[in-house]
Structures are given as structure tokens and as C-alpha cells.
Amino acid sequence: MNECIRLEYDVDGENFASAGHASESVKRTLKQMGVSSLSVRRVAIAMYEGEINMVIHAHGGRAVAEIYPDHIDIRLEDHGPGIADISLAMQAGYSTATENIRSLGFGAGMGLPNMKKYSDDMQIESTVGEGTTVKLRVDFEE
Amino acid sequence: MAPLKTVVLDAEKCIGCITCMRRCPTEAIRIENGKAKILYDKCINCGECVRSCKGGAKRPVYDSFDLVESYPYKIALPSPSLFGQFNNLDDPNYVIEGLLALGFDEVFEVGLAAELVTDCTKKLMEGRALNRPVISTACPAVVELILLKFHELADHLLPVYAPAKIAAKLAKKQAVERGIPADDIGIFFISPCPAKVYSLHREEVSNEKYISGVLSQSDIYFRLVEKMNKIRTPRKLGKCGYSGIGWGSSGGESNSLGLGNYIHCSGVRNVLGLLKELSDGKLDGGADFVEMNMCPGWCVGGVLNVENPFIARNRMRQLADKMRIPPATMQSYGLDENFFIWDKIPEPSTSFQLDKNRFVAMQKLMLVEEYLKKLPGIDCGACGAPTCRCHAEDVVMNGGPLDCVKMDEVKK
């Protein structure tokens, strides 16, 4: 089956509380498909981290999920400041988040590392001043 | 055996408003032909529809008190919340004497069993590699909700029986040891909520295990008060202390565990919100124990109570101050963890899946997405489903055309 379920979301950059809306909706669809709880959890965590990143660093953006029978492709697109040094940003604990953001419990420098940890493939394309696109793929169990 | 329906619709009283449908945490109510129908495969028996129905059309179901008479030796299991139902009660022994006067031969306080469950939980949390945060399994509606919609949290559930079942098991063991024939013993839990009626019926009554029937606090209330009023000086029969009675309200279980790093919350919306956080992994390593109760203010908020939950909570606090008995331990009852741990892990429910076959489910979900594009997304409820999405899913699952009065009016 080449067809997929395509879900698109605007991620509101002004609102921390609404971050997680896209991953919540994707989670519902995966559960209704009967995807295993371990895979649902991996998708939820990877996607939630991506949404939060877009809120913290890029004033929001767009999340697109394409669900296939055996995997999900997630694309997170923003027009934020971009990432100057991707390999540095991938290091656990590295963050450019402000003190204000940290005081909310975010900005621990685990966003990108966690997205990598919970996905099976991750690609980052970023241009400083133009924005960032993160592509994630999570394979389902069985 | 078909599971007992512990909440039913009184169709004559139902006016077909959408209040209960809106409040249902599992989207298990539809308005069909002007009546609020319950989809039992998605119902977790939480009682939220009973609580919210203005016309009393949602009726809880429980066993009749007459059933008690059919057993030669009758044991009552009062839940801690029962003790919060009485005005000016300054001694829990009035309740115990009242139950004996009602015809029970013995009273075993569920609060006492709760103290033993606490002792067991402490040992398990010290010794075994339970997934943190450990999620309390005292509220059966929360457990059902996890098994229905939050499978990813099932391996965080505390694998220990709830206090009512432990009370029944221990009461029966002790009665048999005293020489009472097992077949003569009838054990009756007096429930504050339909969720406990349901879970104990499914696991216990229908399998002829320890509990013979589940009564309602509201059903026995007036006959119990009548007996209590005649008691001059009650004997000191109660064995439950401040710790056990605390289980009936505000985070009593967490408090009794003596943990610092725990979260507790109650009420349907709060529980759903916290489950979402847990399911996103936000509390992994962030808390040791999570206690959730579907009813506002814990078991005192269950729909089979008589009193307002916050008034009952205050009374229980006053009463607990007088119950200066230290918590019971497994050792003092000659028990170990094996008495408490689940015999088998409960199966997650597949009722939320659109099909058992993933490919078929996907085709259905694609159709749901197609229909959603046509629906206005305002979740008005006029079609009889709680959300536009639910309506789209219903049409995909059951056939028929989209039935939306707002379809042309609201352009997306």
C-alpha cells in the first residue's frame, strides 16, 4: 500500500500550552490503527520534542505527518533563526534557550538528542536566517 | 458471561440533551432517536454521566440488599468514604455497630486492607524494579481508562489488588480459619461508585471468588442511619486507623506511602490531562508515584455517596484525628507480598481501534480524514456524536451518510 494518512498542523509559536497538539492528534490515529504502544510512545516523544523546539526557537511552524502501515514520516518546518552548527546542537546538554525558557523546565539541551534517540532516521536541514526542517522516521514494531 | 452494566439509561427520563455525551471521558455516549445511548465497549463506568445528568436519567446499577439474606454468615466491607457520610459522627464504631445491627455478622473495614496494601506497595517500591512513575491501581475507572486509551502506560500500573478485594480475601481467610464453612460466607462490599461495582462484579462476583455482591452506599444509607441512631455506646470494634481512612479522600494513598516525590489528582478532566503528560514521557524520572482518582476529591466524590464530597472530606479528617491506631502491617497479619500481587496482568482493550487489521484500520482512518474535511469542526453535538471526529468515525464504522446540520453553514 503506497497510500498514507497525511496529517498537517500549524504549530502556534506563541503558546507553550498548545505545543503537543499535533503529537496528541497523531497519537490518536496511531492508536486507532493498532500500532504498538512502544511505537506510539516513540513517535509521541520525538514529535513532541520537535513541536516544543519550534515553539522555543522559531516562533512556531508546520508539522506534517505521513502515516504508512509500517512507519511514519514526520516533517517539522520552521522559518526561525536556523541552526549555525548542527553537530553542536545535536550534543546532549547543548542549548541556546534563554534563561526564561529554562525556568519553565525547557531548554535542557535534550530536544534534538531525544528526537534522534526515539526515531529510526533523522535528517536536519538548516540555513541560518531562513529556517530549519527536521525529518523524522519511526518504524513500527512487527 | 457478559459484563454487568453498572450504569443504565432510564429512557423515559432522558430528554436527549447532550450534557452527558459532552462530559464522557471516553466518547462512549451517542444521542440516538433523542436518547443518550451508552456504548458499553468504551464505557469505563466512571459515573460521570450519572453525575452530570440533570434529569436523573442515568441510573447506577448495584446488587440488592436482599441478596445479603441468602447467606448464613454475612460480612460487610465498608469503604473509608462511607464514614464521611454522617453528620456529627465522632466515632467510626457507630458505623460498624450499625452494620452489625443491619444483620451482618462481621464487619471488615476496607481502610484496614488499604493500610496493608500500603505496606505491600512500600516493599515493592523498595525491592522490585517497577517502572517509574508507578501508577496507583486503587481507582478502577483510571485502570480501565489506561487499558482502553493509554496502553503505553499499562506497564506502569502498580500490580497490586485494590483494598476492597484484599479486605474480602483476608476476611474470608480469617472466617474459614475460625471454622465457618466457606460456602456459608457471603461477603458484601459497600461501594461509593459504579466503577468499583463493575470491576468487582467482573473479577469477583461473576467468577464466584471472594466477593458475593456489591451494594451501594446510597442504597443502604437510610436503613443504616436508623440503626446507628439507636446505638448508645458503641464497642471498640474498629481496627482501621488514620492512615486507612485517609484513602477515601485527597491523595490518601500517596500520603500513606510517605513518599516525597509524588503527584496526585482527581476529577475526569484532571486525570485525562495528567495521563497525556505521562504518555508523552514528561514524568519519566520526574515522580515516583502517581495517584489518580476519576471522582472529584477521591472516593468521597463517587456518585453512590450521599454527602457532598468536600463536606465528607472534612468529616473524615476530623474522624482520622481521633483514630490514633498505627497502620497495620503485613507481618502482623502473617501475610507477604504474594497475597496482594495480581494473579494475571489485565489485557488492554482493543475497543478504541477501528479494526484489528492494521491495513483495514488505515483505510478507515483515511476515510475519516476525508469526512473531516467536509465537517465544520465545531463539535456542536447536534448529530448525536460528541465531536465531528467521532461522527466521522461512526459513519465509517457503521455506514450511513454524514448527518450534519452545520455542514453548509460553517465553511472551513
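**Exercise 1. Work out how the span of helix α2 of chain A compares with the expected span.**

Start with the residues: α2 of chain A runs over 37–58, which is 22 residues. Helices here are DSSP runs of H or I with at least four residues, and strands are runs of E with at least two, numbered from the N terminus. Next, the expected span is 1.5 Å times one less than the number of residues, giving 32 Å. Finally, the helix reaches 31 Å from its first C-alpha to its last, close to that value.

A quick note: this is a predicted model, where local features need pLDDT of at least 70 and side-chain atom pairs count only at pLDDT 80 or more, while totals for chains, interfaces and linings use all residues. Residues are numbered from 1 along each chain as its sequence is written, and chains are lettered from A and ligands numbered from 1 in the order in which they are written.

**Exercise 2. Find out why α2(A) counts as largely enclosed.**

Call a residue buried if 20 or more other C-beta atoms, placed from the backbone, lie within 10 Å of its own (exposed: 12 or fewer; partly exposed: in between). By that test, 18 of the 22 residues of α2(A) are buried, so the rest of the structure largely encloses it. Just after α2(A) comes His59(A), with a positive phi of about 55°.

**Exercise 3. Put the strands of chain A in order and find the edges.**

The open sheet has five antiparallel strands, ordered β1-β2-β3-β5-β4; strands pair if DSSP finds at least two bridges between them. β1 (5–12) and β4 (121–127) have a single partner strand each, so they stand at the edges.
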